[in-house]
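Biologist: I am new to this structure, and I would like to understand what stands behind the words used for it. Could we look at it together and set each term against its definition?

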Amino acid sequence: MSQMKAVRIHAYGGPDVLAYEDAPRPKPGADEVLIRVLATTVNPFDCALRAGYLSGFFQYSFPLVLGTDVSGTIEEVGPGVTSFKRGDSVYGRGGVDRDGTNAEYALVPASKVAIKPGSLDNAHAAALPHVTLTAWQALFELAGLTRGQTVLIHAAAGGVGHIAVQLAKLRGAKVIGTASANSNFLRELPIGGDTQERSWKVLKRGGILVSTVQAPSQETADSLGVRQAMVFTNPPIGKTLTEVATLVDSGKIKPHVSAVLPLAETARAHGMIEGKHTRGKIVLQVTA
Ligand SMILES: NC(=O)c1ccc[n+]([C@@H]2O[C@H](COP(=O)([O-])OP(=O)(O)OC[C@H]3O[C@@H](n4cnc5c(N)ncnc54)[C@H](OP(=O)(O)O)[C@@H]3O)[C@@H](O)[C@H]2O)c1
């Protein structure tokens, strides 16, 4: 079987459990595509997975390839895949409950892949899927954000936040964002300052608190006459990514990449994410 380089864990732990090593290059099964990865990322999700915090949510087995975001080219399509062909430039979100994308090749269900925005290089395209799908679900699918509403976005300079600000503006909402060290960057998007529990009191009756971090209390929501929801994204998302690509190519959404590291330095990227002050996204460049 051919080999590839991949970032895998053999046990849960700190960044030192991340091994950049040879791994078997996978073969696509039914409805899957094999992507030659040109860029991928690290999200807080990967750090949580590595540390073992997600073992109660998903059935993982070791060794496990980390990573969710991917931008690259289709290497091979599995049986039943008609929407892509070898050589297509694509981006998507894989991993989550299976081997991921921090590797030279990644298997992703075809339903979680779309043609990459033509106006972006691979580093910027890889920066988009995980955080954009999260912001999309929070603002549009859970909160049902409409023109003229006011939305408060915490950690607005981070991966999810900087895209959420742009999507909310695009929808015609008034946007307030919170940040500390990144306030100048945020002024280029919008502004503000605070966290989940203290956020209840800024909601008006009928408003909604959507969290990406921990499920808000239904009891508190009921007592205040507001709604609550938690983002948990893992559905087929190719259609949304196609829509996102159109928005990107028409200049309406712009990902911000603050650092590009080689795949072999994934552990350093985890350390940076765990520092909790990332501006936009940290990307891993892959040279096969
Ligand atoms: N449920 C889901 O499906 C889902 C999906 C994606 C992400 N998430 C979660 O959503 C959170 C954000 O993800 P991300 O990718 O945007 O992370 P990120 O890029 O690492 O976020 C970094 C940002 O967080 C801000 N920040 C740090 N501490 C803060 C605090 N106490 N209050 C307000 N802002 C603070 C920092 O802003 P300053 O430097 O300006 O302080 C920085 O810009 C993470 O906890 C992640 O696990 C959940």
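Modeller: A residue counts as near a molecule if one of its heavy atoms lies within 4 Å of it. In this predicted model, 21 residues surround the ligand, and the closest are Gly159, Ser180, Thr212, Val231 and His277.

Biologist: What makes the pair formed by threonine 212 and the ligand a polar contact?

Modeller: A polar contact is a pair of N or O atoms within 3.5 Å. A polar side-chain atom of threonine 212 lies 2.6 Å from an oxygen atom of the ligand, and this pair therefore falls within the limit of 3.5 Å. The backbone takes part as well: a polar backbone atom of glycine 159 is 2.8 Å from an oxygen atom of the ligand, and for valine 160 a polar backbone atom is likewise 2.8 Å from a ligand oxygen. Of the 930 Å² of accessible area that the ligand has on its own, the protein covers 78%.

Biologist: Which helices each supply at least two residues of the shell around the ligand?

Modeller: They are helix H3 (129-142) and helix H4 (159-170). The shell as a whole divides into nine nonpolar residues, 11 polar ones and one charged.

Biologist: Why is glycine 251 called exposed?

Modeller: Exposed means over 50% relative accessible area, and glycine 251 counts as exposed because its relative accessibility is 62%. Glycine 251 lies in the loop between helix H8 (238-249) and strand E13 (257-262). From C-alpha to C-alpha, glycine 251 is 8.9 Å from serine 119 in space, although 132 residues separate them in sequence.

Definitions and conventions:
Residues numbered from 1 in each chain as written. Predicted model: local features only at pLDDT ≥ 70, side-chain atom pairs only at ≥ 80, totals over all residues. Heavy atoms only, no water. Polar contact = N/O pair within 3.5 Å; in protein donor to acceptor, adjacent residues only side chain to side chain. Areas by Shrake-Rupley, 256 points an atom, 1.4 Å probe, with all protein chains shown as cover. Helix = DSSP H or I, 4+ residues; strand = E, 2+ residues; numbered from the N terminus. Nonpolar A, V, L, I, M, F, W, Y, C, P; charged D, E, K, R; others polar. Buried < 20%, exposed > 50% of the residue type's maximum accessible area, 1.4 Å probe, protein only.
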